Amino acid sequence: MKGQKFDSTVVLRRTFLKGAAAFGGAAALRVPHAFAQEPAKPAEIIVRAWGGSWVDSLKAGVSDPFTAKTGVAVRHDLTEDNEIQPKVWAAVAQGRVPPIHINWDTTTNATKSALRGVTEDLSDLANLKNTTDLAKPVGLDGYPIVNTYGYVYVLAFRPEAFPDGPPKSWKDLLDPKFKGRIAFYNDGIGFHFPAQVAGGGKLEDIPGNMQPAWDFIAKMKEQQPLLGEDPDFTAWFQRGEIDAACTISTNAREAKKNGVNIDWVVPAEGAKFDTDGLWIPKGLPENELYWAKEYINFALTKEAQQVWLDGLGLPGVVPGVNPPADLADDPSYPTSEEDFKNLIRISSKVQVENESEWFSKFKSIMQG
Amino acid sequence: MDALEAAAAVVWPARFAAAVPYLMLAPAVLLVGLLVIGLAYIGDTSLRTLDTSTFLLSDDYTLANYRRALSESLFRTVAARSLQASLIVTAVTLLLAFPYAYLMVRTPSAALRKLLLIALFLPFFIGQVVRAYGWLIILGNQGMVNDALSLVGVAPLRLLYNYPSVLFGLIQYMLPFAVLMLAPALTAIPEELEAAAHSLGANWLRAFWHVVLPLARPGLVGAGLVVLTLTLTDFAMPAILGGGSQDFIANAIYDQFFRTSDQGLGATLALLLVAAGSLLVGLVLYLFGAGTLAMGRRR
């Protein structure tokens, strides 16, 4: 893994792997507290989620089994993570009950909420002790967020467009034949750090000197890339609009499931590794807070993670979860020390503090 | 009836009669007042900067957001693109809407008038986002247009995700608005005036230029203002048909509020957009009069 900030961001891979070995095979589905002396059950709890295969996986792996065990219905709110954030912030600031019980969020976004002080502390979740270090948000006290899995921004491609074999480098996308046929996230997320390496810079220079990244992105701009969000990538691949994209492996896998001939690689310069998590906004009534915590606690069981993350094709935070058959030895599903060597992880703190500037710079180049 | 009148006299005595017009204005004043209060809040937010260590806005007032909004090339680019688009879309839409509205108003055929009305209203019932997605299906690499082109041996063309496709989507969206604003103005022009011009020797073009067009000015101004302001503030078409690289100001505002959580900068851009739109509208009113907004009065 490249680019670790060992002062505050270290991902203890060795510990992660040791933990995986130690806990591997231990079934460990244990619904904590046994719901003893449980507070009144709300009619439902609302979980914000991403749509498509994302929410389908959450429903199958966590929400439906949780309802079956507890009788508490779960409603999924598909408001975009960026759009629910100001609503939750406003509700907490005004002392209102927030519009959701649980936010399924990127760790970077969730860290902003934690820094703002609108998240409940989740340190008392019983199942946290069964998780790897990946579950712990770095650079924050306690557990204002619980990370639930990791993911990789891979280089996804259509094999027909690469007759000489899969691309080996992000620089391969500079081939003129890909003009107008490649795609990135519209704020460049996932691509800033590999671009730093591809542009000849060092990850250690992030965030101080990212000129190599901007120079490389400026070159990439000449290729007239499409810029979009998660659903766009799947749609663009399906409609034959693009040949390659920097996207989360889950989107590429979804397109593949839908019959699109698509594959993905982690190029030589590396690929960004990040995490998503669950958190609870402040301001919920006590009983609803209890059941929201129980939901997250349940999401940290091996049973829930196995089904949820099978659907997403992503590595979880509970040891012993088996990768889906189609992702065994896949670079987008890191399970070993070796797998992490070519993945780039920058601390959430650095990302949160600089994200606005990076997005603005990327947009400035691409909109110019 | 007498009892009712007596009750009404108690509730609203005759001496209050002069207040009736003001009372009728009250809802509008209330609405505008709420908007002004909202703008005041946005103005306050625009003077505060984001602290990324707490993600709270600063307590102190500063003009830093305004300096940033006016100096960063990203915002200059999207502002110029929005302004340019609003002018192009307004001009082209009025050019297309005028003959459509004229034909709709003047045709002696009731069937044709109904057909034109239906063709006008059908897209009205379909929201902007759905219409934009419709164009993705029609103009995409594997869309209907490229399918048709492939039948004659033409390789797929990139018809989407560029500036012209955004303008095209906006013009198609704005056309019904413009026609609906123009039609009443054209209906108000007596056909006899055109007939009189012809009888005095004017050909169709001269009659149109010297009679119809000047009399249609209120409709043109009203339609132009609507199209201009809607285009300037549009979000969906650049977002959907622009492929992420053709943002307008509204997209930049969205990014600040929802992507980078910088409400201060978002509020600044929003206020600058309101100011730019107001200036443009003021300029149009100054140059061409208030159009249909003048309610029959001169400027």
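The following paragraphs describe the domain arrangement of chain A, the contact between the chains, and two helix pairs in a predicted model.

Chain A is partitioned into two domains, each assembled from two segments of the chain: domain 1 covers residues 13–150 + 275–330, and domain 2 covers residues 152–273 + 343–367. The centres of domain 1 and domain 2 of chain A, taken over C-alpha atoms, are separated by 28 Å. Where these domains of chain A meet, 15 residues of domain 1 are in contact with 13 residues of domain 2. On the side of domain 1 of chain A that touches domain 2, the greatest contribution is made by helix 4 (residues 107–116) of chain A, which provides five residues. That side of domain 1 of chain A comprises six nonpolar, eight polar and one charged residues.

The contact between chain A and chain B draws on 27 residues of chain A and 25 residues of chain B. On the chain A side, at least two residues each are supplied by helix 3 (81–93), helix 4, strand 6 (226–228) and helix 12 (348–367). Of the elements of chain A, helix 12 gives the most to the side that touches chain B, with ten residues. Helix 4 of chain A thus appears both in the contact with chain B and in the contact of domain 1 with domain 2 of chain A. By class, the side of chain A that touches chain B contains seven nonpolar, eleven polar and nine charged residues.

Within chain A, helix 7 (residues 230–238) packs against helix 8 (residues 249–257) at an angle of about 35 degrees, the axes lying 9 Å apart. The crossing of these two helices of chain A is right-handed. Helix 7 of chain A contributes A:Asp230, A:Phe233, A:Thr234, A:Phe237 and A:Gln238, which meet A:Asn251, A:Glu254 and A:Ala255 of helix 8 of chain A. The contact of helix 7 with helix 8 of chain A has three nonpolar, three polar and two charged residues.

In chain B, the axes of helix 4 (residues 73–106) and helix 11 (residues 217–232) come within 8 Å and cross at roughly 145 degrees. Helix 4 of chain B passes helix 11 of chain B in a right-handed crossing. Among the residues in this contact, helix 4 of chain B presents B:Ser82, B:Leu83, B:Val89 and B:Ala97, whereas helix 11 of chain B presents residues including B:Leu220, B:Gly224 and B:Leu232. The residues of the contact of helix 4 with helix 11 of chain B comprise ten nonpolar, six polar and no charged.

Technical notes. Residues numbered from 1 in each chain as written. Chains lettered and ligands numbered in written order. Predicted model: local features only at pLDDT ≥ 70, side-chain atom pairs only at ≥ 80, totals over all residues. Axes fitted to C-alpha atoms, helices over the stretch in contact; angles between N-to-C directions. Helix = DSSP H or I, 4+ residues; strand = E, 2+ residues; numbered from the N terminus. Left-handed = near helix turned anticlockwise from the far one by under 90°. Contact = placed C-beta atoms within 7 Å. Nonpolar A, V, L, I, M, F, W, Y, C, P; charged D, E, K, R; others polar. Domains from an automatic or database assignment.
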